Amino acid sequence: MCPPAAAGCTSIIFMKLRLPSLLVLFLILFCIAFGIAESGNPEMVSGSIVRTAKNANLRKDPGTNAPLVQRLNRHQEVQILDTVIVGSETWVRVSVRNNRREGYILMSLLEPIPTPSPTPTPTPVPTPSPVPTPSPTPTPDYSNVSFDEKDPAVMRTSVDANLRKDVGKNSDIIQKVPRHSVLRILRQDEQHSEWIYVKIQKSGKLGWMMSNLIEPIPTPSPTPTPTPTPTPTPTPTPVPTPTPVPTPTPVPTPTPVPTPTPTPSPTPVPKTAEEFKAAEYKFPETQLMRTKVNTNIRKVPNGTRLGSLKTHTKVTVVGSVRFNDVIWLHVLGDKDHPEGYISSEMLEQIRPVVLTEITGQEILTRFPLISSDPLGSNDPEGPMFSYSQEEMSRYNTVRQGDRGTEVVRIKERLYSLGYYRNSDNVGNPLYTSSTADIVRSFQCNVGIEQTGICDPLTLCLLFDDRIPSAKSVSESDEDGYLANNRQPLYIMRAETSQYDFYGSIQLSVKNQTQSRVSSFAIKVIPSRSDGTPCGYANDFKTEILKEFDIKNISIAPNYIYSDFETNETADWEYTWPHHFCVAYKEYFSGAQIAVCWFRSGGRTYHIDDDQLVWVPVGSCSDEILMHTLPLDLTLEENNFAGGWDFGMTTHYVYPIYQRYYGLPQGAYIEEVTANSPAEDAGLEPGDIVVGINNLTILGDATLRKARGRMQPGDIAELYFWRNGTYFKTEIIRPEPLDTHQIED
């Protein structure tokens, strides 16, 4: 027994030591638990080499909102440096093996690198035959074929190869297939046995490939997996007979184990340019490619830098070689760059331009005319059909100002034939001036006098079941489409005038924008009273660029600018109004005018040339009236169209220009941007685009709708006119460039 004093002293010492000891014990247990949690997988520790389980982002700091350092592909190898816990997420600082970049990635996106089987004894002679039995008739759909590697029809490419659209080395290239890409053989060409129709496993694309570029997959059959079983000692127990004497022979089987180690380096790694040229795969035909970004050309792969190439530089490629798991392309030299090697990731292949001639009749059938074309006329000579007096006596004449069910019946019939774009005012029983305009359009198409009155002959033709639908819808006030009073600059008044030997236009406009208008411009199509064109340039390119602007003005919102007012500053001095001088010493009695652009709030707004609102001025023939194509773009089409451009500046060839200059309907190309999809398609300035796929092309708005229907990588058929002949070509929407891709 300790004395009370000693016992008290002992208890005090224990009380002083117990709390730190518990704290130390708690910290030890926490570290053990944390170590177990972090090293639950022994291969996920600092210094170990792992790989990404799927495509992932390498970020500068921990957190999903941190700046992006690099995009990592699936199964890309990285080395773990340390681990950081942010909230409930575990982030790992890693170093990318191929470029030594460091950053942070989620632990859940990493996985250990699977180790190969201990004794991988690959069978040297694969049993499957390289050439499958071709199917006599092509199957309509190969999109759902399987890729079971046990099937002899599943093979791989022996070298880098091209997947082509048809049989033959001159056929279009669908995809560049890297070496050892898995594919499935579908059928063989009957006439050309060296070509095989295949499906690529990774991309799922179908096409033709040469049979000498394909080899069996040298994966061992599942039978070699039991090879580890002979190693345990129980093998002698089931065989006591002398037969176990051959068992020592499996023991030397480990001798093949060292054989796979020399296979990764069968030959010395090439070092000089001559050695690389000897080791590379020579393409059967040279390929034209283009740099995606600014890149370097090197003497050998990863070797001395010979120079740099700017983005969109065209190069000629003759072969490829694999070095450090990267495919390098052998580029021939020219006056702009030396001969050398460029990483395949920096280049994209350019499709060869193939122009196919198309007949004018096929174009007219595929893309109906909005108004007129030099190849033919929509206006028949006389009525389409004839009727007896008895047949016409069944109808009474209906004209502007009449009201009743007969007017509604006429409007419903015009709507069913396509002369009304919507049915909002079809039920209106009043025969308005807009109704008369639409009746005139119908009378023009069926070849009778354009009176705007529904006389018995007009009604017989209107209700005749043989009458075809309208090829286009004329613009009308009842439609409400692009009505002048809905425009940002509302043309309130316009007249023709003669001023200083000029045929001129005077107008008043109202600012219906939300900001001050400082300038604007109009397009003018003048004519004489009989419809004869007036004041045109000698060539269409000069004429289509003509516009008449006024600058340094100030029109406040909801205020009016007028050319009809004068400001008297003194008895003898006047500030004369502005006139748009159109034709010098050539006067006209009428015109069509439209606002083509304006500047408001410090920004310039251009109106699509095939969506301009044309307003008649003065006295002129109805044939001078301009046509616009009512067009509605969906939200999806707007989004797809905004991300790219064809690379060409175009202008709508209005109907009056078609007749005057002898041009077809379409979008006239003023300029083609270098290295653009339009240039790659073979388009040139002066061509007129008439259609893309099944969409009729007029100008800016229709081209934007065509762009909105194409997703990245899509190929569309483009039809155009050049010097009196129609052609068909293909235009491609390019794949988006990786913004984090840097030069090799």
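The following dialogue treats cavities, a helix pair and strand pairing in a predicted model.

Trainee: How many cavities of 30 Å³ or more are counted here?

Mentor: As this is a predicted model, the answer describes computed geometry. The count comes to four cavities of that volume or more.

Trainee: What is the volume of the largest cavity, and which residues lie nearest its centre?

Mentor: The largest cavity has a volume of about 120 Å³. Its lining comprises 14 residues, and Asn162, Arg164, Met210, Leu213 and Pro284 are those nearest the centre.

Trainee: Which strands each supply at least two residues of that lining?

Mentor: Strand 9 (161-164) and strand 15 (281-291) each do so. Strand 15 gives the most, with five residues.

Trainee: How is the lining of the largest cavity divided by class?

Mentor: Seven of its residues are nonpolar, two are polar and five are charged.

Trainee: What can be said of the second largest cavity, its volume and its lining?

Mentor: The second largest cavity holds about 80 Å³ of space. It is lined by 10 residues, with Gln487, Leu489, Val595, Ile607 and Val613 nearest its centre. By class, this lining has seven nonpolar residues, three polar residues and no charged residues.

Trainee: Let us turn to helix packing. By what are two packed helices described?

Mentor: Two quantities serve: the angle between the axes and the distance between them. In this structure, helix 9 (residues 635-642) packs with helix 12 (residues 700-708) at an angle of about 90 degrees, and their axes are 7 Å apart.

Trainee: Why are helix 9 and helix 12 described as roughly perpendicular?

Mentor: Angles of 65 to 115 degrees count as roughly perpendicular. The angle here is about 90 degrees, and helix 9 and helix 12 are therefore roughly perpendicular to each other.

Trainee: Which residues make the contact?

Mentor: Helix 9 contributes Glu636, Glu637, Asn638, Phe640 and Ala641, while helix 12 contributes Arg704, Lys705, Arg707 and Gly708. By class, this contact of helix 9 with helix 12 has two nonpolar, two polar and five charged residues.

Trainee: Finally, strand pairing. In which sense, parallel or antiparallel, do strand 8 and strand 11 pair?

Mentor: Strand 8 (residues 154-157) and strand 11 (residues 182-188) pair in the antiparallel sense, over three bridges. Within this pairing, arginine 156 has valine 182 of strand 11 as its bridge partner.

Trainee: How many bridges join strand 8 and strand 14?

Mentor: Strand 8 pairs with strand 14 (residues 214-216) over three bridges, in the antiparallel sense. Here the bridge partner of methionine 155 is proline 216 in strand 14.

Terms used: Residues numbered from 1 in each chain as written. Predicted model: local features only at pLDDT ≥ 70, side-chain atom pairs only at ≥ 80, totals over all residues. Heavy atoms only, no water. 1 Å grid on protein atoms, 1.4 Å probe; cavity = no way out; pocket = protein on both sides within 12 Å on 5 of 7 lines; lining within 4 Å. Points joined across faces, edges and corners; volume = space filled by probe spheres on them. Helix = DSSP H or I, 4+ residues; strand = E, 2+ residues; numbered from the N terminus. Nonpolar A, V, L, I, M, F, W, Y, C, P; charged D, E, K, R; others polar. Axes fitted to C-alpha atoms, helices over the stretch in contact; angles between N-to-C directions. Parallel < 35°, antiparallel > 145°, perpendicular 65-115°, else oblique. Contact = heavy atoms within 4.5 Å. Pairing = 2+ DSSP bridges.
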